[in-house]
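Please look through the sequence and the model below before reading on. The paragraphs that follow take up charged pairs and then a strand.

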Amino acid sequence: MRVERGPLAGTLLFTPIPHRDERGFFTRTFDAAIAEEHGLDPAAFVQDSQSRTVAGGIRALHGRSGRGEAKLVRCARGAVYDVLVDARPDSPTFGRQMAVTLDDKDFVHLYVPPGLLHGYQALTEADVCYRIDREHDPSEDISVRYDDPDLAIAWPLPVTAISARDLNAGSWKDALRRLGL
């Protein structure tokens, strides 16, 4: 497995090396020893979740206040344009964003440290899997609209589906106020 640092402080990209033959492929999707080598505690991940999203659908920018949550994100089927925004006031990359394509060809896993906003747009119908280090606490939810003008995220496709919750999300400025900035 190849491991690279992402452009936002603390982010990591884990790229497995699949074994392919006439039957298809086999790949390891998580390796605790490799995670530990790169500063992650594999035992800290307490929840696995999966979503399915239609092509063009957006799951907008979500995060947590308080301690935040760390997660490993991968696309098990299809492809997504995955976006992170650094909402950690003490981070050297505060306010910056990064985007990476996650798909079922390269199997890249994105490590998202606590304090980042996360969202994606499905480039095809896509299944996304999350390994999360905390149980969900709805009182800590923070969300920012996908089309916030201060972030100006260049989503690659026209939006075909988005939840009412994401449409009613606040602005980047609202999120900063909620974080006490």
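**Charged pairs and a buried strand**

Arg134 and Glu140 are joined by a salt bridge, with 2.9 Å between the closest N and O atoms. The model that shows this pair is a predicted one. Are the two partners buried or exposed? Residues under 20% relative accessible area are called buried. Arg134 has a relative accessibility of 12%, so Arg134 counts as buried. Glu140 has a relative accessibility of 15%, so Glu140 counts as buried too.

Side chains of opposite charge can pair when their charged atoms come close. How many salt bridges does the structure hold? There are 16, and two further examples can be set beside the pair described above.

One of them links the side chains of Arg28 and Asp31, with a distance of 3.2 Å from N to O. Here the partners fall into separate classes. Arg28 has a relative accessible area of 49% and is therefore partly exposed. Asp31, with a relative accessible area of 17%, is buried.

Another example is the salt bridge between Arg145 and Asp147, whose closest N and O atoms lie 2.7 Å apart. Arg145 is partly exposed, because its relative accessible area is 25%. Asp147 has a relative accessibility of 37%, so Asp147 also counts as partly exposed. Elsewhere, salt bridges with shared partners connect Arg64, Glu69, Lys71, Asp141 and Arg165 into one network.

Two members of that network, Arg64 and Asp141, lead on to the strands. Arg64 has Asp141, in strand 13, as its bridge partner. This is a bridge between strands, and it belongs to the pairing of strand 6 with strand 13. Strand 13 covers residues 141-144, and 4 bridges join it to strand 6 in an antiparallel arrangement.

Strand 6 also pairs with strand 11, which covers residues 116-122. This pairing is antiparallel as well, and it runs over 3 bridges. Within it, Ile58 has Gln121 of strand 11 as its bridge partner.

How many residues of strand 6 are buried? The strand covers residues 58-64, and 6 of its 7 residues are buried, so strand 6 is largely enclosed by the rest of the structure. In a regular strand the side chains alternate between the two faces of the sheet. With that in mind, the reader can return to the model and follow strand 6 between its pairings with strand 11 and strand 13.

Note on methods. Residues are numbered from 1 along each chain as its sequence is written. This is a predicted model: local features need pLDDT of at least 70, side-chain atom pairs count only at pLDDT 80 or more; totals for chains, interfaces and linings use all residues. Side-chain values use heavy atoms; hydrogens and water are left out. Buried means under 20% relative accessible area, exposed over 50%, partly exposed in between (1.4 Å probe, protein chains only). Helices (H or I, at least four residues) and strands (E, at least two) are DSSP runs, numbered from the N terminus. Two strands pair if DSSP finds at least two bridges between them. A salt bridge is a side-chain nitrogen of Lys or Arg within 4 Å of a carboxyl oxygen of Asp or Glu.
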